[in-house]
Amino acid sequence: MDQETPRPGTLRATLLGALLILLAAAAGCSGPGEPGAGAPGPHEGTSHPSVGTKAPNFAAEDPSGSWLPLVNLKGKPVAVLFFRPGAPFTSELVTEMSRLRDDPAFAPTIFIGVARDSMDRIKQFRDLQKPSMAILRDPGTIGPSFGIGDLPTIVLIDADGIIRFRLDGYVGALLRPRWRATVEALRGLPRGTQGAGKPIEVAYTENPRAPIFSAKDLDGRKVDLAALKGRVVVLTFFDQECPHCKRDLPLLVPVLKEFRARGVVAIGVSSRDVGGGMRRFLKEHGIDYSVILDTDRAIFSKYESTRTPDTFIIDGDGFIRFHEQGDRPDRADLTRLQLRLAIGRETPAALAATLPPERYSGDGTCRACHAREYGDWLLTPHSIAWESLQSGDKWRDQECVHCHVTGAGRPGGYAGPETTAQMVNVQCEVCHGPGGGHPGAARVDPAAMSNVCQTCHNGKFVLNFKVDEALALVAHRDHPDLEKLFHYSDLQRQRLEEMNQRRLEKFRSGVAYVGAEACRDCHRAEFEQWGRTPHAAAYARILQLGRGADRSCSPCHTTGMGHKGGFGDDKASGGAMTSVQCEVCHGPGADHVKAPPALKKQTIYGITDQCSFCIIQGVCATCHDRANDPKFDIEKALPLIKHLPADGAAGRSAARQPPRPRSR
């Protein structure tokens with residue numbers, strides 16, 4: 001094993017630990033089994049000066065990228081171990097803390113470790129130790145806010161957020177007696193109203209921290225975002241000449257004035273003063289809050305804001321709670337709901353009950369309370385249903401529109417693409433019903449859901465539709481396992497990977513890929529036409545760029561990667577699964593090859609003559625997405641690869657346009 005140079009913090013902790021042991025020995029401390037040896041002193045443990053004070057709020061980062069604010073644990077007792085990975089005796093402390101976390105006798109106390117180090121080293125420590133409690137990263141502000149030094153420190157916080165115990169110096173001969181004192185304090189930690197053994201809900205946040213800035217407004221007053229911590233802030237990026245801003249601001253500004261009495265602060269940011277008319281523009285739109293001229297676009301850059309209007313709602317803990325780009329017809333109602341949630345004085349269930357009964361609300365309203373489920377929905381073709389109609393004239397065809405929007409002709413539902421833009425796509429309320437006044441504990445009946453699906457997926461739109469497989473793709477399975485508590489972030493990551501993998505499998509799973517050569521004999525004309533398209537040379541393209549071994553490129557330049565018989569499978573037919581072959585669109589072909597003539601069509605699991613444009617687009621967009629092929633136009637691309645054996649010109653034209661390599 002390579003020798004690693006000790007990090008300055010680790011070395012300092014080691015020296016302090018050794019010094020503490022020597023001091024303990026010099027003071028005549030006996031072995032850990034003797035009474036009083038290493039016990040907390042007069043200003044330690046339950047007598048520490050911080051005991052009885054409110055614990056400073058903080059937000060620590062999970063290795064998966066989520067954050068856990070301390071405020072999200074309100075109403076629950078918390079045991080926090082502050083440490084540095086690799087420092088003396090931290091492994092023992094993490095092991096003991098995890099053991100208590102798994103002991104029902106200490107429920108519902110929440111055990112977390114807050115580590116001061118790089119995320120890579122924290123991940124290494126976690127992978128080595130495999131603790132059952134969460135190990136989170138201190139971004140550099142948590143330890144100092146508690147006055148924590150280099151030695152491992154445990155702080156016990158009761159259900160009201162009051163510090164009840166604090167002790168450090170868990171080193172050498174002091175380790176065991178101090179740990180016994182900690183366990184005793186844990187047994188006496190006030191538990192609040194929640195009884196032991198009941199499930200504990202912990203809410204991580206996927207929301208990013210709001211970048212801090214300080215600037216002068218038009219009147220020369222200082223605007224300091226850091227100084228506004230504890231208050232909800234609405235940050236709006238706009239431009240005087242932006243037509244979308246002119247539609248959005250008249251809906252937004254009255255709401256901001258309405259919530260000013262509840263402590264909400266509004267800040268406007270614009271990059272220019274067109275013709276010196278900014279003050280006139282502000283007066284015309286009733287904007288009486290601070291507006292910053294960000295002429296070098298420094299604030300725009302911090303928030304990665306590239307288009308206007310762009311609205312951010314920042315909660316009192318400094319996280320971007322909501323972010324909306326562009327204008328919305330439902331801006332006023334949506335902003336009211338988002339601000340009430342950000343203020344946090346009302347429960348989501350109570351807010352849901354106040355929505356107009358039996359009225360459709362739109363995906364923005366659903367997302368405000370159900371962000372994780374909304375993220376699942378974004379992975380499905382339902383979320384791009386309207387886009388599949390936009391590129392042609394199909395959005396004028398009412399037969400198509402009805403199945404590509406939400407609540408058509410119903411109260412609050414879709415009425416037109418301009419007046420109700422928030423109701424396009426197949427949204428939450430198509431399956432769950434109108435969101436107005438809905439109960440918080442509503443459940444979905446799979447049988448009833450199947451009937452909902454069949455209203456669109458029927459007749460010529462059946463699309464080889466299998467209800468059990470389809471429901472698995474759209475089901476919200478991302479709720480945390482309450483028994484595993486802090487493992488939610490890893491579960492969500494696994495959920496996303498599963499969803500993406502199923503999308504790559506197209507319409508069937510578990511069927512083997514066989515390769516284009518197996519298609520040649522029966523489909524010779526189509527095979528030859530495919531051979532003239534850029535799909536047939538996709539793998540050669542990444543080889544030319546020296547990226548043949550780049551696994552971020554391979555999935556979109558090969559066939560069936562990661563699946564039975566696909567690229568990378570040692571048992572694949574001759575290993576010839578490079579490039580984008582027939583089965584990428586038409587699905588794995590093993591069943592089709594083996595099937596008798598009467599069942600040939602039923603064993604095509606991908607695109608068939610029955611497949612609608614939206615399904616075809618969903619397949620293409622798996623690789624030709626905005627990140628890797630932003631100029632992709634499916635209306636122009638499809639004729640170039642469609643199987644028209646009598647017209648080879650299409651194939652030759654496509655061959656002159658090499659596909660863009662993936663560049664993640």
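Colleague: Why is C556 called buried in this predicted model?

Modeller: The relative accessible area of C556 is 11%. Buried means under 20%, so C556 is called buried.

Colleague: What makes C623 partly exposed?

Modeller: C623 has a relative accessible area of 22%. The term covers values between the buried limit of 20% and the exposed limit of 50%, and C623 is therefore partly exposed.

Colleague: How do you know that a disulfide joins C556 to C623?

Modeller: The S to S distance for C556 and C623 is 2.5 Å. A disulfide requires two cysteine sulfur atoms within 2.5 Å, so this pair qualifies. The structure holds one disulfide.

Colleague: What makes C556 and C623 a link between distant parts of the chain?

Modeller: The two cysteines are 67 residues apart. C556 lies in helix α22 (residues 554-557), whereas C623 is in the loop between α25 (613-620) and α26 (634-641).

Colleague: Which handedness has the link of C556 and C623?

Modeller: The link of C556 and C623 is left-handed, with -90° about the S-S bond.

Colleague: Why is C400 in no disulfide?

Modeller: The nearest cysteine sulfur, that of C403, is 8.4 Å away from C400. A disulfide needs a sulfur pair within 2.5 Å, so C400 is in none. C400 is also buried, because its relative accessible area is 15% and the limit is 20%.

Colleague: How do you know that the sulfur of C431 is too far from C453 for a bond?

Modeller: The sulfur of C431 is 5.8 Å from that of C453, the closest cysteine sulfur. The cut-off is 2.5 Å, so the distance is too far for a bond. C431 counts as partly exposed, at 25% relative accessibility.

Conventions
Residues numbered from 1 in each chain as written. Predicted model: local features only at pLDDT ≥ 70, side-chain atom pairs only at ≥ 80, totals over all residues. Heavy atoms only, no water. Helix = DSSP H or I, 4+ residues; strand = E, 2+ residues; numbered from the N terminus. Buried < 20%, exposed > 50% of the residue type's maximum accessible area, 1.4 Å probe, protein only.
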